[in-house]
Amino acid sequence: MAMRPPVPVPTLSRRAKLVLGAVAVLLVLFTVIGTLTNVYVDYLWFDETRYTEVFWTELQTRALLFAVAGVATGGLVATAVYLAYRFRPTFRPMSLEQQNLERYRQSLEPRRGLVLTAVAVVLGLFAGFTAQGSWQTWLEFRNSTEFGRTDPQFGIDLSFFVFDYPFYRLALGFAFAIVLLALIGSLLTHYVFGGLRLQTPGQKLTGAARVQVSVLLGLFLALKAVAYWLDRYGLEYSNRGEVFPGASYTDVNALLVPKTILVFVAAVCALAFFANILVRNFLLPAAALVLLLISSLVIGVAYPAIVQQFVVRPSADQKEAPYIKRAIDSTLAAYGLDNINYVDYAQSSTGNQVDTQAALAELRNDTQTIPNARLLDPNVLSETFTARQQIRNVYGFPRKLDIDRYTLPDPVTGQPQTRDYVVAVRELNSEGLSGNQSSWINQHTVYTHGNGFVAAPANEVVAGQEGGEPNFTTKDLPTTGNISVDQPRIYYGELIKQGGQDVYSVVGAPPGSNPREFDQPEDGSAQGQINNTYDGAGGVSIGSFFRQLTFAIYYRERNFLLSSAVNDNSKVLYVRDPRDRVEKAAPFLQVDGDPYPAVINGRVTWILDGYTTSDSYPYSESMELGAAAQDSLTGSGTTALPNQQFNYIRNSVKATVDAYDGKVTLYAWNEDDPVLKTYMKAFPGVVHPRSEMSGELVGHIRYPEDIFKLQRDILTRYHVTNPVDFYNQNDRWQVPNDPTQDTQDAQPPYYILAQRPGDDRASFQLTSALNAFNRENLSSFISASSDPANYGELQVLRLPGNTPFRGPQQVQQSFITNNQVRPDLTLFNSQESRAVFGNLLTLPIGASGLLYVEPLYVQGRGQNSFPLLQKVLVNFGDRVGYGNTLTAALDQVFGAGVAESATSGGTTPSTGGTTATPTPSSPTTTPPNGGAGPATNPAMDQAVTAIKSALDALQTAQRSGDFAAQGRALADLQAAVSAYQSAQQSAAAASPTG
C-alpha cells in the first residue's frame, strides 16, 4: 500500500516573524515591568511599616512552592514523555492506523524539543501558580504547634489534624496529578510513535510501553493506598451524621476498618503492577485491580450503607449519642464556648406578668443599668453627626458610628466615672469632593486628611430648642471637650476611598515653603484658612526620580513626574484604610469588619480585632465566615467578611493603627492559641506580646462583634449538651431578625454599659437576645464582657421554656400597636417627616426581668435633614411605657417616682432625655414642733437656691465646652452643698428630738 505524501507545513514570512516577535517582546516587557513595579511598591509599603519580615517570608514561601511544584510537575511529566519517545519502536507494522499517524510524527519530529519544553513549562507554570496559593498550609505544617488536646477517636494531638493533615492532602493531590499527567502524556506519546497500537493487529504494547505504563499505574495505586490511610483520619470531618459533624457510628464501626483493609488491597494491586515489569502479563494486575474495585464498592460503600440504614436509623438517637457528645464538646471548644456561665433567669414568679413589688425593689436599688441606658443609636446618628459636626463638605462620618467607653471625672463629684460614648472621627471623605476639588492637585495634594474627634454621651441629648440632638462633649475644629486630643489629624481612615479603591495622597514640602494641605477652615480671624504640612512618620518617600517614575507607572499618573507639588521631601500615603493595613501586615488573620477609633495617650488610634481560623478542627461544625457574621448592618457601616469555610476561630490579636502616621501594631491577645503561636514562629517579631499593651489601650478593648455573632449562632444549637436532646432538637434557639428594619437579616448585637446578674457594678458588654426556634418568644439573653478583669466571659441568661416571654419582634409590635404610640407614628410618618426606630436594647434588671428600651427618632424628608430623638419606648413584661424621656416612660410602667429614683440614684447623669444633671430631691427636715406643722429654715432654703444656680451654671459650661466655667461652677456647687449640710446640722441640733 502506497504511503501518503507528507503534508506541507505552512511557514511565515520574515516580516511577519519580526512583527510577531516584536509584539511578543513588548507584551512580555510590559508584563514584567508591571509585575516588578507592583512588587516593588508592595515592598516599599512593608518597609515603611516595618513589616518586611512578612513580605520576605510570604514571597520566599510562595517562590519555594512555585519552584518545587512547577519543577516536579513539569519535569517529571516531561521526563515520562521523553522516555516514551526515547524507547519508541524503530520499526512499526504497516497499517492504516500507522499511516494516519505518520503525518503527525513528521510534523512533531523537527519540533519535538520545543513541544516537550512547552508542555513542561505550561504544566509547570500551572502547577506552580496553584501550589503557591497554599503558602499558608506549608507554613502551618512547617511551624506547627501542639494543642495539648487529643482527638476523641485516635488519641492524636489536634495539631496533626489542623496543621499536618491538610499539607499531606495537598502533597498527595499534587502527586496524583503528576502521575496522571505522566500516564496520559506517556500513552499519547506511545500511541503517536507506535508503542501503543489500538487498531493494528498483533501485539498492542511494546515491551518498553508495557514497563512504563505498569510503573505509572503501580505508582498511582500506591498513592491510592496512602489516600486510603489518610481517609481514616478524614472520617473525623465526615458529614454522615444528620445533625452533627464528625465521625458517626457508621463511620467508626463500619467504615474505619474497611478503609484499613483497602490500604492493603491497594498496596497489593500496586505490587501486582510492579511485578508486571517482569511477568509481562496484564492478567494478574488486571485481576488485582478488579479486586480493588469490588472491595471498595462492597466494604467501602455497600456495607456502611446497610449499617446506616438497618442498624443506626431505627435507633439513631441512642447509637449516635457518644459521637454527638464528641461533636458537642469539640464544637464548643473550637469556638471558645466551653466555659460559659449559664444562669437560670426568671422574669417573675407569675409567668409573663410583671411582679410589681419585685420590679419596684430592683429599680430602686439599681444604680448601674438604667442610669446608663443608651438612648443614642450609633447606627442612626451618622446624618446627625454630619449635620452638626461635618464643618466642610470634604469631611464626613461613616454610616455606622461606634460605641466606646471613657473613664472621665464626673462633672458634679469630680470622681472618675465610666460612661459609654458614641464616637467618630471627622475623616476626609474622598467621595464628597466636588467640582474642582476632585482635580489631581486638590484631591491628592490639598485635601489629604480629616481633622477631629467627636464624642457624645450615649445616654444624653440636648434639651431646649435643639432638643433631641446628641450632647457633643468633644467636638468642633480645633477639637475641644472633655476628651483631650493632642493630635486630631486623620490621615488614615475608613472614608479615604473612591469607588471602593484606596485614594493616595502626596504630602510633604521643602523647609520654609508655604503649607498646601487644607487643615482647618477660616476661623474669622485675619489668618484665614489654615493649612498644614504633614510631618508624621508615615508614607513612602518619593524624593528620587526613580521613585517618582515607579509611582507614575504604578498609578498610571504622569503628574508624579510633572507636578511641582512633588518634590524632594514628598511622601506618598497609600493603603490608608485601617482594616486594609492590618490585613496586609498580617495576611494570616481575618480582620473584624468594624474598626473603631479611640483616643490613646492623646492620639486618635484605630483599634481592630484579628481572628485566627482553621477549617480542619476535628468533630467541629463548619460555617461560612461571611454568611454567619452577616446581620442587618453588614455592608452599611461594617465590612462583610469573606465567605470561606472554617470550624475553628479565636480572637487572638488586637491591632492598632495610628490615625496620623499609620503605624500598625499587632498584639497577641490570646497568647495560648496554637494557631497564633504557629504564625508567630513563621513571622518572628511581627506580633508583640500582650504585656506591651498600655493600660489605657486595654481600657478601650471591646469584645468584637463578628466572633460574637458566630458564637451566638453556634449556641442556638450547642447550648444543648445532652446528646439525645441534641439529636431531637426540641430546644433550639434562633437569632431574631432585626425588628427595627424592614429586612430578614439578623438583629445585630449591641454594646451596653450595664450590670450583669451576679456582678456588683456595671460593665461594658456586647449583648444579644435569642428566640425559640421558629418562634418570636424570647429564650435567652447572651452577653460577653469587655472589662479587662473578666474579658471574654460569656454569660447566658436562660428563661423558663414553659412560659412565652416576649421576644424583640413581639415587643416591637407591642410598641407599634400601642394606643399612645400609634397616633404619633401617624403624625411622624407624613410628607414632611418620618419615624426612625433606634436600637431595641435588652437590659437585665437584677433578678426581676428584662427591660426593653428603644429610642424613637423623627427625621425630616427634606435635603440635609437628620434624625432627632423625640420619644423613648419601654417594655417590661406586658407593660409598655412611652414618653419624652426615659424617666417618663419608666413611670408609665412602674409608677411615678420610682424611675426618677433609679435614673438619678447614682452619680451617673440622667438618662431622662436631657443633659441636665439630676437635681437633688428637695431636702426635708423635722419641724421643731415634732412634725405638727411645717417649719422654715432660711439658711437651708438659701443653700438649695445656690445649689440650683450652680447646677444651671455647670450645665451651661458643659454645653459650651468652657472648662474654666465648669471649674468655677463646681467650686460654687461644692460651697453650696457644704452650706446646705451645715444648715441641716444646725437645724437638727435645734430640734427637741435632737
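## Aromatic pairs and a nonpolar surface patch

Tyr237 is partly exposed, with a relative accessible area of 24%. This value, like the others here, comes from a predicted model. Tyr237 sits in the loop between α7 (207–234) and α8 (249–279). Its ring partner is Tyr165, and the aromatic pair they form is tilted. The centres are 5.6 Å apart, with 40 degrees between the planes. The pair counts as tilted because 40 degrees falls neither under 30, as stacked planes would, nor over 60, as edge-to-face planes would.

Tyr165 belongs to helix α6 (residues 159–192). The pair therefore ties together parts that are 72 residues apart in sequence. Is Tyr165 buried or exposed? Tyr165 is buried, at 9% relative accessible area. Tyr237, at 24%, is not under the 20% limit for buried, so Tyr237 counts as partly exposed.

Both tyrosines also belong to one aromatic cluster. Its other members are Trp138, Phe141, Phe154, Phe160, Phe161, Phe167, Tyr168, Trp229 and Tyr233. Across the model, the count comes to 54 aromatic pairs.

A second pair joins Phe385 and Phe472. The ring centres lie 5.0 Å apart and the planes meet at 80 degrees, so this pair is edge-to-face. Phe385 is in helix α13 (residues 382–389). Phe472 is in the loop between β7 (453–457) and β8 (474–475). The parts tied together here are 87 residues apart in sequence. Phe385 is buried, with a relative accessible area of 0%. Phe472 is buried too, at 7%.

The two pairs line up as follows.

| Pair | Centre to centre | Angle between planes | Type |
|---|---|---|---|
| Tyr165 and Tyr237 | 5.6 Å | 40 degrees | tilted |
| Phe385 and Phe472 | 5.0 Å | 80 degrees | edge-to-face |

Arginines also meet aromatic rings. The charged end of Arg702 sits over the ring of Tyr596, 3.8 Å from its centre. Arg86 lies over the face of Phe87, at 5.4 Å from the ring centre.

Arg210 is another arginine to look at. Where does Arg210 lie? Arg210 is in helix α7. Its relative accessible area is 10%, so Arg210 counts as buried. Leaving out residues up to four places away in sequence, Arg210 touches Leu205, Asn276, Ile277, Arg280 and Phe282.

Now to the surface. Nine residues, Leu26, Leu29, Phe30, Ile33, Phe545, Leu549, Ile553, Leu561 and Leu562, form a nonpolar patch. Together they have about 850 Å² of accessible area. Three elements give two or more residues to the patch: α1 (14–49), α15 (545–555) and α16 (559–562). Which element gives the most? That is α1, with four residues. Ile33 lies in helix α1. At 35% relative accessibility, Ile33 counts as partly exposed. Patch residues need over 30%, so Ile33 passes that cut-off.

Last, the whole chain. The protein chain holds 28 helices and 36 strands. Of its 994 residues, 53% count as buried. Among contacts with a separation of 6 or more, 69% are between residues 24 or more positions apart. The accessible surface of the chain comes to about 43,700 Å². Carbon and sulfur atoms account for 55% of that surface.

Terms used: Residues are numbered from 1 along each chain as its sequence is written. This is a predicted model: local features need pLDDT of at least 70, side-chain atom pairs count only at pLDDT 80 or more; totals for chains, interfaces and linings use all residues. Side-chain values use heavy atoms; hydrogens and water are left out. Rings of Phe, Tyr and Trp (its six-membered ring) pair if their centres lie within 6.5 Å; planes under 30 degrees apart count as stacked, over 60 as edge-to-face and the rest as tilted. Buried means under 20% relative accessible area, exposed over 50%, partly exposed in between (1.4 Å probe, protein chains only). A charge sits over a ring if NZ of Lys or CZ of Arg is within 6 Å of the ring centre and within 35 degrees of the ring normal. Contact means heavy atoms within 4.5 Å. Patches are made of residues with over 30% relative accessible area and no salt bridge: like charges are joined within 9 Å, nonpolar side chains (Val, Leu, Ile, Met, Phe, Trp, Tyr) within 5 Å. Accessible areas come from the Shrake-Rupley method with a 1.4 Å probe; for residues, only the protein chains shown count as cover. A salt bridge is a side-chain nitrogen of Lys or Arg within 4 Å of a carboxyl oxygen of Asp or Glu.
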